[in-house]
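The exercises below are meant to be worked through with the sequence and the coordinates open side by side. Try each task before reading its solution.

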Amino acid sequence: MQRAQKGKPKMNHSTDFEIPNVRPFITVAPVKVLFIGDIVGQPGRNAVGKLLPGLRERHALDFVIANGENSAGGNGITPKTADEIFSAGVDVITSGDHLWDQKEVTTLLEGEKRFLRPLNYPPGTPGQGSAVFEIQNPESKTQNAVRIAVLNLQGRTFMPALENPFLSGREEVERLRRRTNIIFVDFHAEATSEKIAFARMLDGQVSAVVGTHTHVQTADEQIFPGGTAYLTDAGFTGPHESVLGREIEPVIKRFLTSQPQRFEVAKERVLLQGVLIEIDNANGKAVKIQRVSEIHIQKY
């Protein structure tokens, strides 16, 4: 496994590399992965920065993934907002249908190996849809490296048309399983049925399938018979005194008048939402799943 190289990477769906500057390890306990639901704007980034260090310590986290596609003013992601999220302790950032909202995203797609976009974009699209990482946590009991694959896919029901995620996802999982049996999937989709069907298809083949996009945390966390942890939607990290992270009145006015409105990111009752999943390192099967919803007390 090679370290990331500076410069423009090859434009393929997936890349294997190490996060630098920390020693790899193998755990004797389950691998603990935290997934953070869609980070919305500065309030969401602030919550991650303030709360993630405590969550890492409290739960002895080994790896943190976050969906960051709404982190730049609620629309898209930029290198600056990505750096802020990485600096807070997130290891990998996934994305979704707001991928292209900020033109600076091209810099991330071409040069940041810890940033993923949906795998099922057409061939030749910049960036990568999956990657294999070596988990590093110097606080854990260690011997050798443990690898985790992260796969990002986007649904097609009520969403922009992309290639079939069921076909491309199944093929990619087969490839990733030759590298590791610990595979985490962020399935960015609208329809609950599509998310459940996709996860059921891969039961026993991946460690976890967690849905994003709807910004409403669901209460259906479970582990399927084959050992795949599942949650329809992880919720969102940002202001919940809102309409899905946006100021309330402009959204209501849009529904009342059918006229365009400017939807600014709201500010109050900021929560960090997501899901904590423990995975058996020996076989890649989930052994525990727990929703996370933490309030960020803001000081003015």
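In this predicted model, E172 is a buried residue, with a relative accessible area of 7%.

**Exercise 1.** Find the salt-bridge partner of E172 and describe how the two residues are placed along their helix.

Solution. Begin with the side chains: R175 and E172 meet in a salt bridge, with a distance of 3.3 Å from N to O. Next, place the pair in the secondary structure; because R175 and E172 are three residues apart in helix α4, about one helical turn separates them. An α-helix has 3.6 residues a turn, so residues three or four places apart point the same way. Finally, compare the surroundings of the partners: E172 is buried at 7%, whereas R175, at 25% relative accessibility, counts as partly exposed.

**Exercise 2.** The structure holds eight salt bridges; examine the one between R56 and D91, and work out which parts of the chain it ties together.

Solution. The side chains of R56 and D91 come to 2.9 Å, N to O. R56 belongs to helix α1 (residues 41–59), while D91 sits in the loop between α2 (79–87) and β5 (92–94), so the salt bridge ties together parts that are 35 residues apart in sequence. For the accessibility, recall that the cut-off for a buried residue is under 20% relative accessible area: D91, at 15%, therefore counts as buried, and R56, at 22%, counts as partly exposed.

**Exercise 3.** Determine where R291 and E221 lie, and whether each is buried or partly exposed.

Solution. R291 forms a salt bridge with E221, and their closest N and O atoms are 2.8 Å apart. This pair links distant parts of the chain, since R291 is in strand β14 (residues 286–296) and E221 is in the loop between β9 and β10 (222–223), 70 residues away. Both are partly exposed, R291 with a relative accessible area of 32% and E221 with one of 26%.

**Exercise 4.** For E278, establish which side chain of opposite charge is nearest, and why the pair is not counted as a salt bridge.

Solution. First locate E278, which lies in strand β13 (residues 270–279). The nearest side chain of opposite charge is that of K288, 4.2 Å away. A salt bridge requires the nitrogen and the carboxyl oxygen to be within 4 Å, so this pair does not qualify, and E278 is buried yet has no salt bridge. Leaving out residues up to four places away in sequence, E278 touches P30, V31, K32, K285, A286, V287 and K288.

**Exercise 5.** Identify the buried residues of helix α5, decide how they are arranged around its axis, and name elements that cover them.

Solution. Helix α5 spans residues 192–201, and its buried residues are E194, K195, F198 and A199. They cover an arc of only 125° around the axis, which means that they are on the same side of α5. Their cover includes the helix α4 (165–176) and the strands β7 (147–154), β8 (183–188), β9 (208–212) and β11 (229–231).

**Exercise 6.** Turn to the surface and describe the nonpolar patch that contains L244.

Solution. V216, V243 and L244 make a nonpolar surface patch of about 220 Å². L244 itself lies in the loop between β12 (236–239) and α6 (248–257), and with a relative accessible area of 42% it is partly exposed.

Key:
Residues are numbered from 1 along each chain as its sequence is written. This is a predicted model: local features need pLDDT of at least 70, side-chain atom pairs count only at pLDDT 80 or more; totals for chains, interfaces and linings use all residues. Side-chain values use heavy atoms; hydrogens and water are left out. Patches are made of residues with over 30% relative accessible area and no salt bridge: like charges are joined within 9 Å, nonpolar side chains (Val, Leu, Ile, Met, Phe, Trp, Tyr) within 5 Å. Accessible areas come from the Shrake-Rupley method with a 1.4 Å probe; for residues, only the protein chains shown count as cover. Helices (H or I, at least four residues) and strands (E, at least two) are DSSP runs, numbered from the N terminus. Buried means under 20% relative accessible area, exposed over 50%, partly exposed in between (1.4 Å probe, protein chains only). The arc is that of the directions from the helix axis to the C-beta atoms. Contact means heavy atoms within 4.5 Å. Lys and Arg count as positive and Asp and Glu as negative; His and the chain ends are not counted.
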